[in-house]
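Visitor: I have a model open and would like to learn how to read its features. Where do we begin?

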Amino acid sequence: MTWIPWNTQLRELAKQCQYLQALTLYRQMLRCGSTPNAFSFPFALKSSASLYLPSSGQQLHCQVIKSGCSPEPFVLTSLISMYCKFNSLVNARKVFDENPISNQLTVCYNALISGYALNSRVFDVIALFCRMREMGVSVNSVTMLGLVPVLSEPGYISLGMSFHCCCVKLGLNLDFSVANCLLTMYVKSGAIESGRNLFDEMPKKDLITWNAMISGYAQNGLAADVLELYKKMEAAGVCPDAVTLVGVLSSCAHLGAISVGREVEQRIESSELGFNPFLNNALINMYARCGNLVKARAVFDGMPVKSVVSWTAIIGGYGMHGYGEIAVELFDEMIKSGIRPDGAAFVSVLCACSHAGLTEKGLDYLAEMKSKHRVQPGPEHYSCVVDLLGRAGRLNEALELIKSMQVKPDGAVWGALLGACKIHRNVEMAELAFEQVIEFEPTNIGYYVLLSNIYSEAENLEGVLKVRVMMRERKLKKDPGFSYLEYKGRVHLFLAGDRSHPQKEEMYRMVDKLESLAKKLDENEERRNKDVLVGMGVHSEKLAIAFGLLNSEARTEIIVVKNLRVCEDCHIFLKGVSKIVDRQLVVRDATRFHHFKDGICSCKDYW
C-alpha cells in the first residue's frame, strides 16, 4: 500500500476529531512498512496534541527529524502548535528558533503567537509580533485573531487600541472575523463605548457581532442597553441563539423586565433550544429576580437534568424572597441527589440563612464546607456569615470570626459588620469596621452614608460632620435613589422627589393620602422613631407604588425594583399601604425581596 491512501485516511480522521483512531492508523501505517512524509505528520501531531499525549508527541518529533521533514512549513507549524498545547512553550520556541526558515514564514509566527496567547504570555506575544514586523514577514488575519484576544484584560486596553490601529493601517479590519475579534476585545476589557463605536461602524453584522455587543453590555451590568440592542437585532432580521438569549434573560433579571423575559421563554419553547441547560438556568434566575418564584420553580422542576448551577439558581431565588427554610431544604436535597455543592452554592444557601435569620444552620454550613465538602471558604462566604451573626446581634462573635479567617477579609466582610452595627447601633465597632472597609473600597459612597446614619441615630453630630468632610474632601456624592416598575411592556423609572412624570400630580396626591392613612394605622404601634413617617421626603419607591396603584387593576400584584436598600420609613409605609389597598406589593431592593400583604412583610422586619 502506498502512502497516499494512508494520508487521506489520516486527514479524514483528524478532520472528524477522531484523534485516537488517527494515531492508531498512524501506528498501523508504520507497521505495514509505509514511510510517513510531510503530509502525514501534521495530522498525527495534531491528534497527539488534541489528546494531550506529550510522550507520543516527542516520539513523532523524533520521526520528523529522522525523515528530514523539519523544514516543511506545515510540519513546523504543527510541531510549534503541539508543544504550545502541551504548555511546553520552551520547546515550541526551540523548534521555532532552530529552523532558520521559521523567521520567514507567517504561519510559524502565527502558531507561536497563538501559543503564547493561549498561555496568557502577553509580553512574549508582543515581542514576537514586533520581531515579525522587523523581519518584514507578512501579517495576516490569522496573526491578529491569535494576538488580539490576549489583550482583553482591562490593563491592556491601550495596547489593544494600538493593534486596532495596526489592523486599520494594514486593511485587516475589513476582515469580518478580525472586526468581531476587536469588538470582543473592547467589551471584555470594559471599554464598552469603544466597542459600541466599532459595532456601529461595522457595515455588516452577523450573529457573532450582535452576541459580542449584547454579552458585553450584559457582563458590564448595562441591562437597558442589552434590551435596546436586542430589539434592534430582531428588527434587523438576525435570529438569536442561546448565547444571545442568556444575555437578554440576565438583563431582564437585572431590570425586572418580566414581559420581555416571557417573550424570550416563548421563543425558546418554539425553537429547538428548550432543553438548553444554560437557558433554563437563566430562566430560573430571571423569574426569581422578577418576583415570580412560582414560575421559577416550575422551570426548575421541569428540567430533566439539574446541574449545581440550576440548584444554586433556585436556592438563591428562595433566599432572596425570604424563604430560607425552603432554600435550606433544597440545598440538603441537592446533596442527597449526589450533586456536590461548589462555592457559589454555599454563597446562595448562606445568604438564604442570613435573610431568614437561620443563624445556627448557617454556622453549621460554614463548618461543613471544608470538613465535609472540601470547599475552602472565601471572603464571600465569610461576609454572609458575618451578616448572619450581625443581624442576630452577635457582633462580638462576628468580629472574632473575621479575626480568625484563613483568608484575608475584604471590603464585603467588613461592610457586613458595618451594616450589622447600624442595626444594633454599635458606634464603637462601626468606627472599627469603617476604618477597615474604606481601605478596600475608598470610593464606595454607601459605607460613608451608613456610618453617617449610625452617628445620626446616636445623635453624634460631630461624627456626622466628620463623615461629610471626608466625603467632600474625596469628592464623593451619594447615589440617587431610584425605583422602577414595568407597565404594559415599558419600564417606568422614578427618582426620589421626581416631578418629571406626566402623572406627577395624581401620584403625589396618592402618596399624601396613603401616608396620612398609614400614619393613622401606625400611631398605636411601638416604634423606635415616632417621627419616622414625617419629613423624609418622597422616596422613589413611594412614587412607583403610587403609579402602580393608579394604573393597574384592583387586586393585582405590583412589583417594584429599587437600586438601594429600602429605608425604615418606606418599609413601614409599604406595610401600611398593603393593608389599606388590599394588594400584594413586592419590592426588590439592593439585597432582597419584600412581599407586603395585609400589613405584614415577608422579611418579618428582618432586613
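Guide: With the domains. This is a predicted model. The centres of domain 1 and domain 2, taken over C-alpha atoms, are separated by 28 Å.

Visitor: Which residues belong to domain 1 and domain 2?

Guide: Domain 1 covers 382-478. Domain 2 covers 482-605.

Visitor: Let us turn to the sheet. What is the order of its strands?

Guide: Read the order across the sheet, not along the chain. Here it is β2-β1-β3-β4-β5-β6. That makes an open sheet of six strands, and its pairing is mixed.

Visitor: Which strands stand at the edges?

Guide: β2 (490-495) and β6 (600-601) do. Each has a single partner strand, so one side of each has no neighbour in the sheet.

Visitor: How many bridges join β1 to β2?

Guide: Six, and the two strands run antiparallel. For one bridge, take Leu485, whose partner in β2 is His492. Tyr484 stands opposite Leu493 in β2. β1 and β2 also form a hairpin, with two residues between them. Look at Lys488 in that turn: its phi is positive, about 55°.

Visitor: And on the other flank, in what sense do β1 and β3 pair?

Guide: Antiparallel, over two bridges. Ser483 has Lys562 of β3 as its bridge partner. Return to Tyr484: in β3 it stands opposite Val561.

Visitor: Which strands does α30 lie across?

Guide: Four of them: β1, β2, β3 and β4 (585-588). The helix α30 runs at about 20° to β1.

Visitor: Now for empty space. How does one find it?

Guide: Rolling a probe the size of a water molecule over the atoms shows where empty space is left. Take an open case. The second largest pocket has a volume of about 470 Å³. It is lined by 23 residues, and the closest to its centre are Glu486, Tyr487, Glu557, Ile558 and Ile559.

Visitor: Which elements give two or more residues to the lining of that second largest pocket?

Guide: They are α16 (258-270), β1 (482-487), α30 (540-551) and β3 (558-562). β1 gives the most, with four residues. So we meet the hairpin strand again.

Visitor: How does the lining of the second largest pocket divide by class?

Guide: It has 10 nonpolar, eight polar and five charged residues.

Visitor: What about enclosed space? How many cavities of 30 Å³ or more does the structure hold?

Guide: One. The largest cavity has a volume of about 30 Å³.

Visitor: Which residues line the largest cavity?

Guide: Lys422, Arg425, Val427, Ile454, Glu457 and Ala458. By class, this lining has three nonpolar residues, three charged and no polar.

Methods: Residues are numbered from 1 along each chain as its sequence is written. This is a predicted model: local features need pLDDT of at least 70, side-chain atom pairs count only at pLDDT 80 or more; totals for chains, interfaces and linings use all residues. Side-chain values use heavy atoms; hydrogens and water are left out. On a 1 Å grid over the protein atoms alone, a cavity is a set of points where a 1.4 Å probe fits but cannot get out, and a pocket is an open set with protein on both sides within 12 Å along at least five of seven lines; lining residues have an atom within 4 Å of a point. Grid points are joined across faces, edges and corners, and a volume is the space filled by probe spheres set on the points. Ala, Val, Leu, Ile, Met, Phe, Trp, Tyr, Cys and Pro count as nonpolar, Asp, Glu, Lys and Arg as charged, and the others, Gly among them, as polar. Domain bounds come from an automatic or database domain assignment. Two strands pair if DSSP finds at least two bridges between them. Contact means heavy atoms within 4.5 Å. Axes are lines fitted to C-alpha atoms, for helices over the stretch in contact, and angles run from 0 to 180 degrees between N-to-C directions.
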